[in-house]
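I opened this chain to note its overall build first and its nonpolar interior second. My entries follow in the order in which I looked things up.

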Amino acid sequence: MPRYSLFFKLAIVIIAFLGLLDTSYMTWSELSGIVPSCQPPFDCGRVLSSPWSHVGPVPLSAIGIVYYATILTVAILVFLDASERAQDFLLVLTTGGFLFSLYLVFVMAFVLNAWCLYCVGSALSSFLLFSICIPLFLTVRKRNLFHFFYVQICKPIFFLLDAEFVHNRMTEIGIFLGKFSITRFLTKILFYFSHPKLSKKIAGISFPNPVGLSAGFDYDGQLTDILPSVGFGFATIGTVTLEPYGGNTKPRLSRFPRSQALLVNKGFKSSGAKVIIARLSNKNFTIPIGISIGSTNKKYTTLMTQIDDILQTFYLFEQSNVRHSYYELNISCPNLSGGQPFTTGDRLERLLSRLDKLKSKKPVFIKMPIDLSDTETLLLLTTAAHHQIAGVVFGNLTKDKNNPDVNVQDRALWKDRAGNVSGKPTWNRSNHAIILTKKHFKERFVIIGTGGIFSPQDATEKMKLGANLVQLITGMIYEGPQLIGEINQYLTYKTVDNGKGTMYESK
């Protein structure tokens, strides 16, 4: 774990000491019956003699002495490289002090209409201490308060409710948070982690970090304003289809907690390409945004008709003013009425031959199935290698109802339910496909690893196996949105060798 620089540690000690002097002077003045000297526009006497300046008979300044003395003691322990527990305690103290200072500033501004110079000084000290401790909040993640709050409090409540209902409410919250600079900033304080080491240029795209949001979460491109603040280095919208589709028959989303999985049956739920293009046109994205494209979920009379449907969506985006960075061709969703028609070599060949003629300005990645045999997977990869395909994503949902990584009880439930499974049951198969691709195609493809990432170690493992980037959804739902920052922090201070030299060097 990265430690405070000497400057930050020393600054905390100095500011805490100044806060202690400030509150000590106010307390001495109170006990001596002296009104601290204040020049206009300050009116210290009015503020310090008001009922708001005391808790019962005890002046707030005396409580401030205890507060700053405690911070000073803990800060010295942190300065001397004490345990993480001291750092956690310091974070809690400074956060509480900052919030209480906001309350007192509010009282002075809107209740008393008067300001005390020394109270403002104390509030400033609290703000500075909190601001300096933000880096600590962003680095002490694995066992921090937010992780505990999500896993132990929020998730049990969420899991009592319908999964799609929760998803829709979280989307609405995300839309709201993305609308305002202040809410984006506060979200960034809570979740964001950045470091220059994490930035990489892959397939001509500059990624600020290698952790992305998979397709299947932001169906209609409504969350692009908030996702960077959560910490994602890129995000894929969709899957987008040419025609709107309201989704398969409910339930479309449910959980298998014993398997750490979701049962997904959305079937390319989409508002349609034209609506999404209108929403995203001329937006400036702060991270690379990809568009996942698939065929409209309906019956087709011929394969060429289905190919035309897909190509029309590509064409609309190519001619649009959407400033996306890449495409993701989804050939592997198992929840469509027509199955997976492009998971055979000859059919994929016909699709990619037509796609080549479009001469896309953006790189194209293929979202791959994970339940095929090695022979079948290699045939798809060989086909893709002969076309203008920049990379592959491994992979999509597992549709194997005998998958040994699905809990036995969940397998029994699954037999009577529509949909296919994400999360931990896709972990081994995704990893195997990454290894297979790396072994046979070396650097021909950019590899994006997704499936079963629930921890920083999981993301690191996928990169060691050969993935250049990683994506997740289910891990975030089970572990909390702070997982993205945890992964980025872990990658910054660990060494990951992906077979192409060191990708991230330890500090």
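**Notebook: surface, fold and cores**

I began with the outside of this predicted model, where the accessible surface of the chain comes to about 22,500 Å², and carbon and sulfur atoms account for 61% of that area.

For the overall dimensions I took the C-alpha trace, which spans about 90 × 45 × 45 Å along its principal axes, and for the secondary structure I noted 18 helices and 17 strands.

I then looked up burial and found that 55% of the 507 residues of the chain count as buried. Turning to contacts between residues at least 6 apart in sequence, I noted that 75% of them join residues at least 24 apart.

For the charges I recorded 51 positive and 34 negative ones, whose mean positions lie 3 Å apart.

Next I asked which residues of the largest nonpolar core touch the most other members. The core holds 69 residues, and the ones I wrote down in reply are Phe232, Phe317 and Leu329. Helix 11, residues 303–318, gives this core its largest share, with 7 residues.

I followed Phe317 further and, leaving aside its neighbours within four places in sequence, listed its contacts as Val240, Ala273, Ile276, Ile277, Ile291, Ile293, Val322, His324 and Tyr327.

I also noted a second core, separate from the largest one and made up of 20 residues, with Ala11, Ile12, Ala75 and Ala86 among them. As a general remark beside these entries, I wrote that nonpolar side chains tend to be buried together in soluble globular proteins.

Technical notes
Residues are numbered from 1 along each chain as its sequence is written. This is a predicted model: local features need pLDDT of at least 70, side-chain atom pairs count only at pLDDT 80 or more; totals for chains, interfaces and linings use all residues. Side-chain values use heavy atoms; hydrogens and water are left out. Helices (H or I, at least four residues) and strands (E, at least two) are DSSP runs, numbered from the N terminus. Buried means under 20% relative accessible area, exposed over 50%, partly exposed in between (1.4 Å probe, protein chains only). Contact means heavy atoms within 4.5 Å. Accessible areas come from the Shrake-Rupley method with a 1.4 Å probe; for residues, only the protein chains shown count as cover. Lys and Arg count as positive and Asp and Glu as negative; His and the chain ends are not counted. The place of a charge is taken as NZ of Lys, CZ of Arg, CG of Asp or CD of Glu. A nonpolar core is a set of buried Ala, Val, Leu, Ile, Met, Phe, Trp, Tyr and Cys residues joined through side-chain atoms within 4.5 Å.
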